[in-house]
Amino acid sequence: MERTDTLLAAKGLTDHKDRLLTADGPLADLHARCGGDIPGVLAVPELLDLVQQGRKFGLRLAREFSAFDGEEVITGFVRIHPLSDDAGGGCELLIENWHRREAVAESEAENSARLDAIDRATAEIVIRLDHKQNVQFLSVLAGDAQALQDAANAGTRKSWTQYIELDGVAHHQPLHWRLLDGANCTVPGSDRSWRARLIPLGTTAGAPRGFELLLIAHQPLVSEESPSTKRNDTGHMRLIGNSLTPALRQPIARLIANAETIKAKLAGPIRDEYAEYAGNIAAAGQHLNAMLEDLADLEVVEAENFTTAREGVDLADAARRAAGILGVRAKERGIVVKLPEGEGVAMASAEFRRVLQVLINLIGNAIAYSPENSEVTVDVDGSIGGKREMVSVSVTDQGAGISEEQASRIFEKFERLGRDNDGGSGLGLYISRRLARVMEGDLTVKSEPGEGSRFTLKLPRAD
């Protein structure tokens, strides 16, 4: 249930460097929730953009705006009045018709969770931080990040920004985490450029209890034998991962965000059919983004030197996390996902983020191809066929099932079995089986027409 509150008008004043000098309560609160201080650069991106336009061109602006402060969507009508140089060269802000929405749309929350899962699946450095952004422990898979690992393990754990150089950030650290999320950075000892993702972990008194810091390289690691090339060991150019994905990720994200804003009518009232068009644009953008990620993953898993980490993975816990990410999609179709209970029933020796990637694909497919108001069952097995050296997790749907001939082709590259309108790339199951086999396991299917399908991920048992 969504609640909408209307607040009084709020005023603010910025200087010639777009620093917010004074602000009424609602504006000051929004500025603080977005990571800003007073005085300090206006931290609300949507308002900062308008202030910069008004100051640069000396124009009075009157626009609707919307902003997200981490918990609520704020909308309103802002008037920007640029001041003369004698008066400080900044701008006066007056925000009217200020509304606060308590809840964020479930589709936005699901999309955010999926993006987090994608970033977790591609991060080569994962660092756990405390509530002050100090390093607690880190997991490094990148071969060119040894210097970072050595520095972090050398002594007292400090803020992560003391180990990593942030590009274009001149402020004294630490900054509010929202201002650091998505920042480009340089890892000591690495010639590659990186992107930082900060994901808050739980809250205490409204503040995160800690953070998961993901460092994601914009380029793959190039071997020392061929430092000037951008090829994997098969000799194929890494066109998607090296060039297209980094270049297109941001504009596609803007396209999706703007389309979702129009669809939700946050930018102003529009006719219902145009809101529906905007929803179609957002869905197309999400499909394009997923296609790019699948193609980039394909390049990675097909490299001859591709390997995965080894750690203890609780398959039941991984399944619950994957189902949680896909919960909104299941709810929209009235599908109940029955999950395994308990912990430690099936402990695999594998890489958690890759197991999660496979399970998101399997559960997502089960939800997509099951009839509405049906069930998807996920169960785990601590031993396979009496052999204690293997464990498994299975996903069973109540869909139409597939024939034996279709089952023999379902794991092939770009195989979609005639499903032309589901928005898939035909790569998910191919990549999932590749991942399973790299982790010394396998992915199999058992199905009959009219009887549903059961996909089973088998992995080595952890000691």
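**Strand pairing, an open sheet and its helices**

A search of the whole structure, which is a predicted model, finds zero disulfides. For orientation, a disulfide is a covalent bond between the sulfur atoms of two cysteines. Two cysteines may still catch the reader's eye here. Cys-91 has 0% relative accessibility and therefore counts as buried. Cys-185 also counts as buried, because its relative accessibility is 0%.

Strand pairing offers a good place to begin the tour. Strand β8, spanning residues 125–130, pairs with strand β9, residues 135–140, in the antiparallel sense, and five bridges link the two. Within this pairing, Arg-128 has Phe-137 of β9 as its bridge partner. The two strands make up a hairpin, with four residues between β8 and β9. One residue of the turn deserves a glance: Gln-133 has a positive phi of about 70°. β8 also pairs with strand β15 (residues 210–217), to which it is joined by six bridges, again in an antiparallel arrangement. Here the bridge partner of Ile-127 is Leu-213 in β15. As a reminder for reading such pairings, in a regular strand the side chains alternate between the two faces of the sheet.

Further along the chain, an open sheet is built from five strands in the order β17-β19-β20-β22-β21, with mixed pairing. The edges are taken by β17 (336–338) and β21 (442–447); each has a single partner strand, so one side of each is left without a neighbour in the sheet. On average, neighbouring strands of this sheet are turned by 15° against each other, direction ignored. Within the sheet, β19 (residues 375–381) and β20 (residues 390–396) pair in the antiparallel sense over five bridges. In that pair, Asp-381 stands opposite Ser-392 of β20.

The sheet also has a helix to consider. Helix α8, residues 315–325, lies across β17, β19, β20 and β22 (453–460), and runs at about 25° to β20.

Another helix, α12, covers residues 428–438. Which of its residues are buried? They are Gly-428, Leu-429, Tyr-430, Ile-431 and Ser-432, together with Leu-435 and Ala-436. When viewing such a list on the model, it helps to recall that an α-helix has 3.6 residues a turn, so residues three or four places apart point the same way. After α12 comes Glu-440, with a positive phi near 65°.

Definitions and conventions:
Residues numbered from 1 in each chain as written. Predicted model: local features only at pLDDT ≥ 70, side-chain atom pairs only at ≥ 80, totals over all residues. Heavy atoms only, no water. Buried < 20%, exposed > 50% of the residue type's maximum accessible area, 1.4 Å probe, protein only. Pairing = 2+ DSSP bridges. Disulfide = S-S within 2.5 Å. Axes fitted to C-alpha atoms, helices over the stretch in contact; angles between N-to-C directions. Contact = heavy atoms within 4.5 Å.
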